[in-house]
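Here are some notes to read alongside the model, written as one colleague might write them for another. Take the points one at a time, and find each residue on screen as you go.

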Amino acid sequence: MTRLTDIWVYLATTPLLGLTITLLAYIAGDWIYRRAGMQPLLNPVLLAVLALMAVLLATGTPYTTYFEGAQFVHFLLGPATVALAVPLYFNLAKLRRLWLPLLGGLVAGSLTAAVSAVGIAWLFGASKQTLLSLAPKSVTAPVAMGIAEKLGGLPSLTAILVISTGILGAVLGPVVLDLLRVRDQATRGFALGVTSHGIGTARAFQESEQAGAFSGLAMGLNALVTALLLPLLAHLISFG
């Protein structure tokens, strides 16, 4: 026990803290997820987030101290996103056949994600700044935070909403698609990518490489479309 305490005290003073507990939390979450037969409600990202919150609260560790190490994992998001082009390359033939319905789904998904969230929040009396923070919630975090900042929202609040949306999409998305009897892997993956960005894409890859490839495509295109459309929509409805 004393040795474990000494190790924790050492890690708490170095950037290794955030990196170590992040990796351990995800490994533990993934182990539980697989042992439970990959139940959607036991998504490894959700379990890792809950575990990290518990550790930071129990030890009184500031988030800034944690992120000094976790930023190494954060940095890998860029290369990982670029690497999604590899499986997509192997599915170019299907992409060429489906480009028109995918384009329609992309625009519909992007608009629905933003308009429905803002509309519901507005009905409940949310402030203008909250609405602007909520609008890009279905876009990958770096892009969503940039959009929110430009529109006058709170990037920190947007980051929380993005992560929550991704986790909920990864947990409930496959269940909804099953209920709707959507079996085509490209369609399932694209839907997950549009609605729940990177976390949904990770879930799509667990279904198949094709689903993951189309989810990665949807995630990137949704970020682009949302970045172009949201400022215009904000201006039209007098948010901007």
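How many salt bridges does a search of the whole structure find? The search finds 6 salt bridges. Please keep in mind that this is a predicted model.

1. Let's begin with D178 and its partners. The side chain of D178 meets that of R183 in a salt bridge, at 3.7 Å from N to O. D178 also forms a salt bridge with R188, and here the N to O distance is 2.9 Å. This second pair links distant parts of the chain: D178 belongs to helix α10 (residues 155-179) and R188 to helix α11 (residues 185-207), and the two are 10 residues apart.

2. Now follow R188 onwards. R188 has another salt bridge, with E207, where the closest N and O atoms are 2.8 Å apart. Through shared partners, salt bridges join D178, R183, R188, R203 and E207 into one network.

3. Is R188 buried or exposed? R188 counts as buried because its relative accessibility is 5%, and the cut-off for buried is under 20%. Its partners make a useful contrast to look at. D178 counts as partly exposed, with a relative accessibility of 38%, and E207 is partly exposed too, at 26%. R183 is exposed, since its relative accessible area is 55% and exposed means over 50%.

4. Next, have a look at helix α7, which spans residues 92-123. Where does α7 bend? The bend is at L98 and amounts to about 65°, with a proline, P101, following within four residues. Just after the helix comes G125, which takes a positive phi of about 85°.

5. The same helix is worth turning around on screen. Residues of α7 that are buried include K94, L95, L102, L106 and G109, and also A113, A117 and A121. A nonpolar surface patch of about 550 Å² is made by W99, L100, L103, V107, L111 and V115. L103, one of these patch residues, lies in α7. L103 is called partly exposed because its relative accessible area is 42%, which falls between the 20% and 50% cut-offs.

6. Q210 deserves its own stop. This residue sits in helix α12 (residues 209-236) and is partly exposed, with a relative accessible area of 22%. Which residues does Q210 contact, leaving aside its neighbours within four places in sequence? They are N91, K94, Q185 and A186. K94 is also one of the buried residues of α7. As for A186, its backbone nitrogen lies 3.5 Å from a polar atom of the Q210 side chain. For a sense of scale, try finding G152 as well: the C-alpha atoms of Q210 and G152 are separated by 37 Å, and the two residues are 58 apart along the chain.

7. Finally, go to T22 in helix α2 (residues 16-35). Why is T22 described as buried? The reason is its relative accessible area of 14%, which is under the 20% cut-off. Once neighbours within four places in sequence are left aside, T22 is in contact with L52, Y66, A70 and V73. Showing these four side chains together with T22 gives a good view of its surroundings.

Terms used
Residues numbered from 1 in each chain as written. Predicted model: local features only at pLDDT ≥ 70, side-chain atom pairs only at ≥ 80, totals over all residues. Heavy atoms only, no water. Buried < 20%, exposed > 50% of the residue type's maximum accessible area, 1.4 Å probe, protein only. Contact = heavy atoms within 4.5 Å. Polar contact = N/O pair within 3.5 Å; in protein donor to acceptor, adjacent residues only side chain to side chain. Patch = residues over 30% accessible without salt bridge, like charges linked within 9 Å, V, L, I, M, F, W, Y side chains within 5 Å. Areas by Shrake-Rupley, 256 points an atom, 1.4 Å probe, with all protein chains shown as cover. Salt bridge = Lys/Arg side-chain N within 4 Å of Asp/Glu carboxyl O. Bend = angle between axes of the 7 residues up to and from the residue.
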